[in-house]
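Reader: Could you walk me through this fold, starting with what sits in the middle?

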Amino acid sequence: MALHYTCRHCGTKIGTISEPILHSEQLGLTQLNDEERQDMIAYDSVGNVHVKAICEDCHEALQRNPDLHQNDYIIH
C-alpha cells in the first residue's frame, strides 16, 4: 500500500509515501471531517490511497489571487 499526494488544482504529483504500515493518526487524516475525507481521499483497486492536497505553487497563487478559490482547477 502506498499513499500518493496530488495537487487538487493543477494535478502535479506532490509525493508518495510507501510504508508497509500507515496509520491515519500519524498522517493527520483523522483531523478531517467526513465531507473533507470524501472530497480529498480516494482508494484504488490495489489498496493505494490517493490524497488531493495543494502544491506550493498553487498555494502561492491562491494567496496572491484569492478570487481563484472559486475555481476547482487553477492551471489546466
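Author: Sure, but some ground rules come before the core. This is a predicted model, where local features need pLDDT of at least 70, side-chain atom pairs count only at pLDDT 80 or more, and totals for chains, interfaces and linings use all residues. Residues are numbered from 1 along each chain as its sequence is written, and side-chain values use heavy atoms, leaving out hydrogens and water.

Reader: Which residues make up the largest nonpolar core?

Author: A nonpolar core here is a set of buried Ala, Val, Leu, Ile, Met, Phe, Trp, Tyr and Cys residues joined through side-chain atoms within 4.5 Å. Buried means under 20% relative accessible area, exposed over 50%, and partly exposed in between, with a 1.4 Å probe and protein chains only. The largest such core has eight residues: Leu3, Tyr5, Leu29, Leu32, Ile41, Val49, Val51 and Ala53.

Reader: And which element gives the most to this core?

Author: Helices (H or I, at least four residues) and strands (E, at least two) are DSSP runs, numbered from the N terminus. The elements that give two or more residues to the core are β1 and β4 (49-53). The top contributor, with three residues, is β4.

Reader: Which side chains of β4 are buried, and which are not?

Author: In a regular strand the side chains alternate between the two faces of the sheet. β4 does just that: His50 and Lys52 point to one face and are not buried, while the other face has the buried Val49, Val51 and Ala53.

Reader: What is the order of the strands in the sheet?

Author: Two strands pair if DSSP finds at least two bridges between them. β1 and β2 run antiparallel with four bridges, β1 and β4 are parallel over five bridges, and β3 and β4 run antiparallel with three bridges. The edge strands, pairing on one side only, are β2 (13-17) and β3 (41-43). That gives an open, mixed sheet of four strands in the order β2-β1-β4-β3.

Reader: Which residue in β4 stands opposite Tyr5?

Author: β1 and β4 pair in the parallel sense. Leu3 has its bridge partner Ile17 over in β2. For Tyr5, the residue opposite in β4 is Val51.

Reader: Which residue in the turn between β3 and β4 has a positive phi?

Author: β3 and β4 form a hairpin with five residues between them. With a phi of about 95°, the turn residue is Gly47.

Reader: Is His50 buried, exposed or partly exposed?

Author: His50 belongs to strand β4, where its side chain is on the face that is not buried. Because its relative accessibility is 30%, His50 counts as partly exposed.

Reader: Which residue has a side chain joined to that of His50 by a polar contact?

Author: Contact means heavy atoms within 4.5 Å, and His50 touches His4, Met40, Ile41, Ala42 and Asp44, not counting residues up to four places away in sequence. A polar contact is a pair of N or O atoms within 3.5 Å; within protein, one must be able to donate a hydrogen and the other to accept it, and residues adjacent in sequence count only if both atoms are side-chain atoms. At 3.0 Å, the side-chain partner of His50 is Asp44.
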